[in-house]
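I opened this notebook to record what I looked up in the model. The entries are kept in the order in which I made them.

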Amino acid sequence: MNRPGRTLRLILCLLICLVTTAAMPVAAPAQTEELLIGIEPEHNIFDQMERYRYLAGYLSEQLGVEVKLTIMSRYGEVIKRFKSLRLDGAFLTSYTATMGINELQLEPVVNPVNPNGESTSQGYIFVRKDSGIRDVKDMRGKSIVFVDPATMEGYLFPLAYLERHGVTDINEFFNRFYFSGSHVSAIFAVLDGRADIGAAKNTVFNRLVANDPSIAQELDIIARSPKVPEITLCIRNEIDRDLREKLAEVLLHMDKTSEGRKVLERFKALGFVKSRKADFIGIEEMEQEARTAMGNTEK
Amino acid sequence: MKALRLLLRTLLTFLFVISLAPELHAEKRIGVIMTGDVPYYGAMQDAFVAELNRRFAGVEKIEIILQRPFPDSISWSNAARKLIAFDVDLIVTYGSPATQAVIHEKSRIPLVYAGLYEPDQAGIVSKNVTGCGFKVPLSSIIRYFKRLKTVNTLGIVCSGIEEDSMRQYETMKAVAEQQNMKAVKIDIRSRADLDKLKTKKPDAVFITGSSLAHLWLEDIMSILRKEKIPTGDIFPDFPEAGVLMTLFQPPHQQGEMAAEMAAQILLGEKPANITAYTFRDTELVFNLVEARHLDISFPIHLLIEATKVIE
């Protein structure tokens, strides 16, 4: 008599468990229908949007997910804009990528390789050859142009370099400093004499020199930073892992297909290479080095 | 005839000195030679006077005798002689020709110059002379022209009687040729020479820091505007003059430094002990009103380079 009653109780328990389990929410990954990717503005945003438009189209097709682009208003607001725009990822320059990795736990995915075969960039500090400025001690009382407080090449590196040479307060050391807003503008400001010293990215500097060799004859590069990833596609780590991996795979292999190569040509890149968090350690060290000078600049 | 001219000139100088006799009671007298009515030199002179007044206010009376010779060799020379005859304590000159004219007279009166283009290239060798000047990277003007339109031929307005204007011509010619442009010299020595602008039709024109060219700037611009030829300049003028872009060294800095040097000399310092200085900082002005006349549109990424935009 006991046995059928026990069996009935067991069946009842199993039924209850089944019903309860079915009613519980399952922590399955949400289906992503679109990816909103931010872009840091360059000197000519119209050209830039055109280049990225082709890439977004290709990615949408390959991923089966609509990839949308948006320009983030300016370098310095990247972290703020990343949150307010609810971006899923962004193509970030080295310093903002470092901030994004540290503050928003973004995952670095890939770096584009430029037509010269490089995926890295470095900062240059330069002066006019006829300026008489050869080193930091000659810079006292002069004017300096930076690019933007959120650029490694155009701000962080020169501050770290100056601090290494004993300059901790640029307000006191220079007659004037200002931000040009773009690497091209910083270079032209020094060429014109609107600033005595400038800092900018080597890739932009080299591109201008290739178009006009007289620029190299007029400017002297007096310091170079270590090389760091120039642009990195960083993605939120909440994005479905499969999608992240597929995105990386599509980008890393797009130079292997004729359709991919066509898009790369329009995007002005040879391909993409894998990015790692370790690539950004040098920038964190530079930030530590420039900390005092940065604090004084923001006063 | 020559002797008569010399006698007349001496007599005029004497009469000038006599007419100013009551002013001889001033404590210190500074003679200034400012060529023509060039606004760039005018701004320098204003800053010079303001700074000097600030330094000597309530301390010593300073009298300034201003000469505005027409830009030609005889007038510069006469202005220099007048100030020497007046026995001023110090002479201040703006621009190369006026400076060279005073040095040529071999007077013992100390000289402070300002507004001199690349002073270290001007060949000034005298113990009694110091001053400040400027340098503007002329290649930048070519770069901005090229970003606005195709320039195969660059006209360069200069004046063969002005040493600094000719140096600028030579520099600009070299830069233009390096950029595969043909440089066309437009030498202005008299008003009749302005007709050269009608026959030579360059794609763009650069106006050197010539006093003569700036004296007739309105006429020059009127001719070039008809042909829709854009211009670049290194002397800021009034916006109405119609120069499309101006890359210049701010004149007030040179005026103030000249005053500082003058003050030191008046207080007993020797000019040889005061190091000459070359200002290299610049400002860039784009004239959008003129751009509209010329049917030129400035791209936004070019406009942001300007220190000032005239709209």
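The entries below concern the domains of one chain, one helix and the contact between two chains.

Entry 1, the model. I noted at the outset that this is a predicted model.

Entry 2, domains of chain A. I looked up the division of the chain and found domain 1 (34-119 + 229-279) and domain 2 (123-225). Taken over C-alpha atoms, the centres of these two domains of chain A are 28 Å apart. For the contact between them, I recorded 11 residues from domain 1 of chain A and 10 residues from domain 2 of chain A. On the side of domain 1 that touches domain 2, H4(A) gives the most, with 3 residues. I sorted that side of domain 1 by class and obtained 3 nonpolar, 6 polar and 2 charged residues.

Entry 3, helix H4 of chain A. I then asked how many of the residues of this helix (residues 94-103) are buried. The count is 8 of the 10, so helix H4 of chain A is largely enclosed by the rest of the structure. The buried residues run through Ser94(A), Tyr95(A), Thr96(A), Ala97(A), Thr98(A), Met99(A), Gly100(A) and Ile101(A). Just after H4(A), I found Gln105(A) with a positive phi of about 55 degrees.

Entry 4, contact between chains A and B. Chain B contributes 17 residues and chain A contributes 15 residues. On the side of chain B, I looked up the elements that give two or more residues, and these are helix H5 (138-148) and strand S12 (283-287) of chain B. H5(B) supplies the largest share of that side, 3 residues. By class, the side of chain B that touches chain A holds 5 nonpolar, 7 polar and 5 charged residues.

Methods:
Residues numbered from 1 in each chain as written. Chains lettered and ligands numbered in written order. Predicted model: local features only at pLDDT ≥ 70, side-chain atom pairs only at ≥ 80, totals over all residues. Buried ≥ 20, exposed ≤ 12 C-beta atoms within 10 Å, placed from the backbone. Contact = placed C-beta atoms within 7 Å. Nonpolar A, V, L, I, M, F, W, Y, C, P; charged D, E, K, R; others polar. Domains from an automatic or database assignment.
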